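Subject: Structure handover

Hello,

Here is the structure I said I would pass on. Please look it over before reading my notes underneath.

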Amino acid sequence: MSNPLIINFTPTGMIPTKEMTPHVPISVSEIVEDVHQACDLGITMVHIHAREKVSGIPTYKKEIYAKIIAGIRKFSPQLVICVSLSGRTFSELDQRGDPVFLEGDLKPDMGSLTLSSLNFNKVASMNAPDMIGDLAALMKARGIVPELEAFDLGMVNYAKYLARKKLIRPPYYFNLLFGNIACSQSNLLHAGTMINDLPEDSVWSIAGIGNTQLKMNSLSIAMGGGVRVGLEDNIWYDAERTQLARNIDLLKRVHIIAQANGRSIMTAEEFRTKMNMAPGNGEYGLQV
């Protein structure tokens, strides 16, 4: 099999709650266990969100991220780990950037960087130009690779602006997210236009929000891209919303589609080489 498939696993996110689905991992131990199952099946990287222990609400605190990362690296010291630096809940740089200050065996390899402000169906994610630049500069200084999140074509263009300012450097890794109510929709034209406009030396994965997750994952697998998949973006297994999914269900389905398209799963080691990252196993982030 050629052109191995990047699987970017997103187990938790900021929105799903236990009231919405009992399958979403909230606690440190639940998140670590879902990642363990995913690693046994085969993934390339994991995009993690942390939650407060008692309330289950999203948190930026590096101390909680540290526990998740430590738990994952006990069984998979080579897995690529990305921490969320989301603007959906937190508005200050010292909050959003907190997880990138972890060091040593707890250092994340990547941090998410949403490339503009945007509206979700009920809440806004605020990403002012100075915040984007400051987070990019912080990750550059810390040797952490940005996971570039683009919800529309304008965000792809903003990544090119950051590149001209030398705040990000190639190779670039993009998550292209489709189906959000205020952004690019889950169709061939929107996907093709965004992919065509990516800067040279870009690696990309596609996500579909809600019911469009399966469609957009399938499209990306067929087109030679990677996938972002997990309960963060979609809690249902079927389009009729009769069956709540587990993370492992969504991942197994991606594996079946990948096999049908003759694509193996890219290992963390292969992704690290492609992205000029440290080799893992005690060395994390950008290759020095």
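The notes below cover one helix, the nonpolar cores and the salt bridges.

This is a predicted model, in which local features need pLDDT of at least 70 and side-chain atom pairs count only at pLDDT 80 or more, while totals for chains, interfaces and linings use all residues. Numbering starts from 1 along each chain as its sequence is written, and side-chain values use heavy atoms, with hydrogens and water left out.

Helix H1

Helices (H or I, at least four residues) and strands (E, at least two) are DSSP runs, numbered from the N terminus. H1 covers residues 28-41, and its end C-alpha atoms are 20 Å apart, in agreement with the 20 Å expected for 14 residues at 1.5 Å a residue (the expected span is 1.5 Å times one less than the number of residues). Its buried residues are Ile 31, Val 32, Asp 34, Val 35 and Ala 38. They fall within an arc of 160 degrees seen down the axis, so they line one face of the helix; the arc is that of the directions from the helix axis to the C-beta atoms. Buried means under 20% relative accessible area, exposed over 50%, and partly exposed in between (1.4 Å probe, protein chains only). Exposed Ser 29 and Asp 40 sit on the face of H1 turned away from its buried side. After H1 comes Gly 42, with a positive phi near 130 degrees.

Cores

A nonpolar core is a set of buried Ala, Val, Leu, Ile, Met, Phe, Trp, Tyr and Cys residues joined through side-chain atoms within 4.5 Å. The largest has 70 residues, and those touching the most other members are Ile 48, Ile 72, Leu 113, Leu 115, Phe 174 and Leu 176. Apart from it lies another core of 13 residues, including Ile 6 and Met 275.

Salt bridges

The whole structure holds 11 salt bridges (a side-chain nitrogen of Lys or Arg within 4 Å of a carboxyl oxygen of Asp or Glu). Lys 62 pairs with Asp 98, the closest N and O atoms being 3.3 Å apart. Lys 62 lies in helix H2 and Asp 98 in the loop between H3 and S6, so this pair ties together parts that are 36 residues apart in sequence. Lys 62 is partly exposed at 26%, whereas Asp 98 is buried at 12%. Asp 233 bridges to Arg 228, with closest N and O atoms 2.8 Å apart, and both residues are buried. Salt bridges with shared partners join Glu 149, Arg 228, Glu 232 and Asp 233 into one network.

Regards
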